[in-house]
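Good morning, and thank you for coming. I should like to take you through two parts of one structure: a pocket, and then a single histidine.

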Amino acid sequence: MTPRDVLKIVKENNIQMVDLRFMDFPGLMQHFGIPATKLNEAIFEEGVGFDGSSIRGWQEIHESDMLVVPDPVSAYVDPFYKVPTLAIHCDIADPITKEPYGRDPRFVARKAEKYLKSTGIADTPYFGPEAEFFIFDDIRFDQNQYSGYYFIDSAEGIWNSGREEKPNLGYKPRYKEGYFPMPPMDSLEDIRAEMAMTMIKCGMDIEAQHHEVATAGQCEIDIRFDSLVRMADKLMMFKYITKMVARKYNKTVTFMPKPLFADNGSGMHVHQSLWKGGKPLFAGDKYAGLTDLALYYAGGLLKHAPALTALCSPTTNSFKRLVPGYEAPVNLAYSSRNRSAAVRIPMYSADPKTKRLEYRPPDSSCNPYLAFAAMLMAGLDGVQNKIDPGAPLDKNIYDLPPEEMAKVPSVPGSLDKALDELEKDCDFLLKGDVFSEDIIKTWIDYKRKKEVDAIRLRPHPYEFFLYFDV
């Protein structure tokens, strides 16, 4: 789509406002609007000025002026605003030099795609995330000097099986039994269907939608794969649409990885493959129908997985999900069947175009522009250095004797340790100036100060249960 095409959409849909959207550093979409009468072809080159000093992880107050530069390819009509509105994802630029802003996550993703082409290995990286989320009816939380709590409620929560609901009809998924139940047990079919159809209306290609394993409204909607930057754009559209549709029903959506104790958390398994000249490069005659190139790519993901975790599972809450001994993909191995392995090779189809790797540790709390770019860079490092992923882990991991299990490495056990790993292992990200040292240092410093230390300094409610009587 060209700027002229966008202006045509504005005219045909009687658009009154244009919503300019961009990604902050940790991973939340930001926006501001301009009247549609202000949109012209020149803006797609010159950009629109705004104050970037209040955006998390960005400019200081003395250098706050920045530009958003709309990307015409990303434009779509917003389905929720009362005033007819066109939404456009934007890149960030310096108003003086007009150069792309180094801490703009979308710029990092663009550089990753450009770097892939420069290597000659492939020309298109495809990504397909499976984003899981919860739909709750109520969420309350607070933390101050003298109290701290959270309270979640859901009409689907099995803990409400004995609640007086006048009448309580009893159809509530038991813990870990929420996968694929029929209505009335699955009470969210209509909401998910509306989410999926809204996504399609906004230009996304949806493959499936279903209830997920946990009680209390865990769901999944699968997006068909797309190129790296466009898929990151679509994942942000995905999160926006799910939240807005839920709000219509007076419900709320969270992509927090582990909101519930003693039930499944929400992950984001990321399917990925490389193509060149319109042909897939991962389909071959090696293990699970892969090529050597695909196995080397897996080797890169596994080698750099500890560092990747800091970008792909980047919250303290992420590690409530990544716990050894459960179905969580903490084991740094690959397999065609074993879902506790970090890298899985889906075997649903023999079509070479569907051959891909599924990297399972990430979750949707990540900044997708940075996470997808980091995974690509890890895989490329594996291809460039022919990193052997080792033998596949096709055994039932829960049946492995302790001495054999001890040989299987795992992801870091906390965000703090993951940040340490990123600090030690970041050279693969610096290739082609895709990530800069400033990006990595800012990410590590922000996460340690704003999240790791913030959690470490605050008493946890369960500590009172454990220690109040000492």
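I begin with the second largest pocket of this predicted model, which holds about 350 Å³ of space. It is lined by 14 residues, and those closest to its centre are Met29, Gln30, Met236, Tyr240 and Lys243. Which elements give two or more residues to this lining? They are strand 1, residues 17–23, strand 2, residues 29–35, and helix 5, residues 228–248. Helix 5 gives the most, with 5 residues. Sorted by class, the lining of the second largest pocket comprises 7 nonpolar, 4 charged and 3 polar residues.

I now turn to the histidine. His211 lies in strand 10, which covers residues 206–211. Is His211 buried or exposed? Its relative accessibility is 1%, and because buried means under 20%, His211 counts as buried.

What does the side chain of His211 meet in polar contact? One partner is the side chain of Glu156, at 2.8 Å. In addition, a polar atom of the His211 side chain lies 2.8 Å from the backbone oxygen of Gly178.

Both Glu156 and Gly178 also appear in the list of residues that His211 touches, once residues up to four places away in sequence are set aside. That list further contains Pro173, Tyr179, Phe180, Pro181, Asp186 and Arg192, together with Gly217, Gln218 and Cys219.

To summarise the histidine: His211 is buried at 1% relative accessibility, and its side chain makes a polar contact with that of Glu156. Thank you; I welcome your comments.

Key
Residues are numbered from 1 along each chain as its sequence is written. This is a predicted model: local features need pLDDT of at least 70, side-chain atom pairs count only at pLDDT 80 or more; totals for chains, interfaces and linings use all residues. Side-chain values use heavy atoms; hydrogens and water are left out. On a 1 Å grid over the protein atoms alone, a cavity is a set of points where a 1.4 Å probe fits but cannot get out, and a pocket is an open set with protein on both sides within 12 Å along at least five of seven lines; lining residues have an atom within 4 Å of a point. Grid points are joined across faces, edges and corners, and a volume is the space filled by probe spheres set on the points. Helices (H or I, at least four residues) and strands (E, at least two) are DSSP runs, numbered from the N terminus. Ala, Val, Leu, Ile, Met, Phe, Trp, Tyr, Cys and Pro count as nonpolar, Asp, Glu, Lys and Arg as charged, and the others, Gly among them, as polar. Buried means under 20% relative accessible area, exposed over 50%, partly exposed in between (1.4 Å probe, protein chains only). A polar contact is a pair of N or O atoms within 3.5 Å; within protein, one must be able to donate a hydrogen and the other to accept it, and residues adjacent in sequence count only if both atoms are side-chain atoms. Contact means heavy atoms within 4.5 Å.
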